[in-house]
Amino acid sequence: MNDSRTFVCMTDTVWGLLGLLNEIAYQKIYNIKSRDRDKPLILFAKDIKTVRKYTDEWTSEIEKIALSYWPGALTIILKRSDKLPSWLNPEFTHIGFRIPDSKSCQKIMELSTEGLLLSTSANSSGEEPIKSFQEAQEKFGNQVDLILQPSPDEIFSDIASTIIKLSDQKIEILRQGAISKSDIDKFRIH
């Protein structure tokens, strides 16, 4: 049986709405968020080896950036491999990958046989992400399979991840988030 569970938990950036890599969980996340289908989900990965497996685009530049900022608050948009299911962001040739630095995400990741989780911010489209476990329970308590209470020592920044894409031998910042432009600029490709 395919596992279609969905979760809300603290990530190392904002609270996340996550799901196991399953089409039912994918549809459920879009419905919970009232999210437009033209806005893709990203994938949380357990490690760099997993990301390499599911992308057709891996260069020495990407490796340097990944080793510098993963696990952490950086999402890298990469060309998707045909190993990813066709129902996942079907209109897109690229997909965002991130390796979160979060104990909660790592606990949920243990449930994934692929080492991947569907991911988006925990909010309804157009609203601010939730900020606490109590707010998560109020907003998502009857819509997801589990809301994971963070451990007392778990820290998050409350700032979304920085999203980058490498194109035409340059790094394009698609969303400025927790990692600054000056940090990304250190990796400019010449």
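Tutor: Let's begin with a cut-off: a residue is buried under 20% relative accessible area, exposed over 50%, and partly exposed in between. Keep in mind that this is a predicted model.

Student: Okay, why is D185 called partly exposed?

Tutor: Its relative accessible area is 27%. That value falls between 20% and 50%, so D185 is partly exposed.

Student: And what makes K181 count as partly exposed?

Tutor: Try the cut-offs again: K181 has 42% relative accessibility, which lies between 20% and 50%, so the label fits.

Student: How do you know that D185 and K181 form a salt bridge?

Tutor: We look at a side-chain nitrogen and a carboxyl oxygen, and they have to be within 4 Å. Here the N to O distance is 3.0 Å, so the pair passes. Both residues belong to helix α6 (residues 181-185), where they are 4 residues apart, about one turn of the helix.

Student: Why does a spacing like that put residues on one side of a helix?

Tutor: An α-helix has 3.6 residues a turn, so residues three or four places apart point the same way.

Student: How many salt bridges does a search of the whole structure find?

Tutor: The search gives 9. Another one joins D12 and R98, whose closest N and O atoms are 2.8 Å apart.

Student: What makes D12 and R98 distant parts of the chain?

Tutor: D12 sits in the loop between β1 and β2, while R98 is in strand β5 (residues 94-98), and the two are 86 residues apart. Each of them, D12 as well as R98, is buried.

Student: What about K28 and D145: what makes their meeting a salt bridge?

Tutor: Their N to O distance is 3.3 Å, which is within 4 Å, so the rule is met. K28 is in helix α1 and D145 is in the loop between α5 and β7, so this pair ties together parts 117 residues apart in sequence.

Student: Are K28 and D145 buried or exposed, or something in between?

Tutor: In between! K28 has a relative accessible area of 24%, and D145 comes in at 44%. Both values lie between 20% and 50%, so both residues are partly exposed.

Student: Now the cysteines. How many disulfides does the rule give?

Tutor: The count is 0. Take C9, which is in no disulfide: the nearest cysteine sulfur belongs to C105, 3.8 Å away.

Student: Why is the sulfur of C105 too far from C9 for a bond?

Tutor: A disulfide needs two cysteine sulfur atoms within 2.5 Å, and this pair is at 3.8 Å, so it fails the test.

Student: How do you know whether C9 and C105 are buried or exposed?

Tutor: C9 has a relative accessible area of 0% and C105 has 2%. Both values are under 20%, so both residues are buried.

Student: Which residues of helix α5 (residues 133-140) are buried?

Tutor: They are F133, A136 and F140.

Student: How do you know that they line one face of α5?

Tutor: Look down the axis of α5: the buried residues fall within an arc of 60 degrees, so they share one face. On the other side, Q134 and E138 are exposed. The cover over the buried residues of α5 includes β1 (6-10), β2 (15-20), α1 (23-33) and β7 (146-147).

Student: What makes F7 a buried residue?

Tutor: F7 has a relative accessible area of 1%, which is under 20%, so it is buried. You'll find F7 in strand β1. Beyond its neighbours within four places in sequence, its contacts include G16, L18, I108 and V144.

Student: In what order do the 9 strands form the open sheet?

Tutor: The order is β7-β1-β2-β6-β3-β5-β4-β8-β9, with mixed pairing.

Student: Why do we say that β7 and β9 stand at the edges?

Tutor: β7 and β9 (170-175) each have a single partner strand, so one side of each is left without a neighbour in the sheet.

Student: What makes strands β3 and β6 count as a pair?

Tutor: Pairing takes at least two bridges, and 4 join β3 (residues 42-45) to β6 (residues 116-121), so they qualify. The two strands run antiparallel, and I42 has S119 as its bridge partner in β6.

Conventions. Residues numbered from 1 in each chain as written. Predicted model: local features only at pLDDT ≥ 70, side-chain atom pairs only at ≥ 80, totals over all residues. Heavy atoms only, no water. Buried < 20%, exposed > 50% of the residue type's maximum accessible area, 1.4 Å probe, protein only. Arc of directions from axis to C-beta. Contact = heavy atoms within 4.5 Å.
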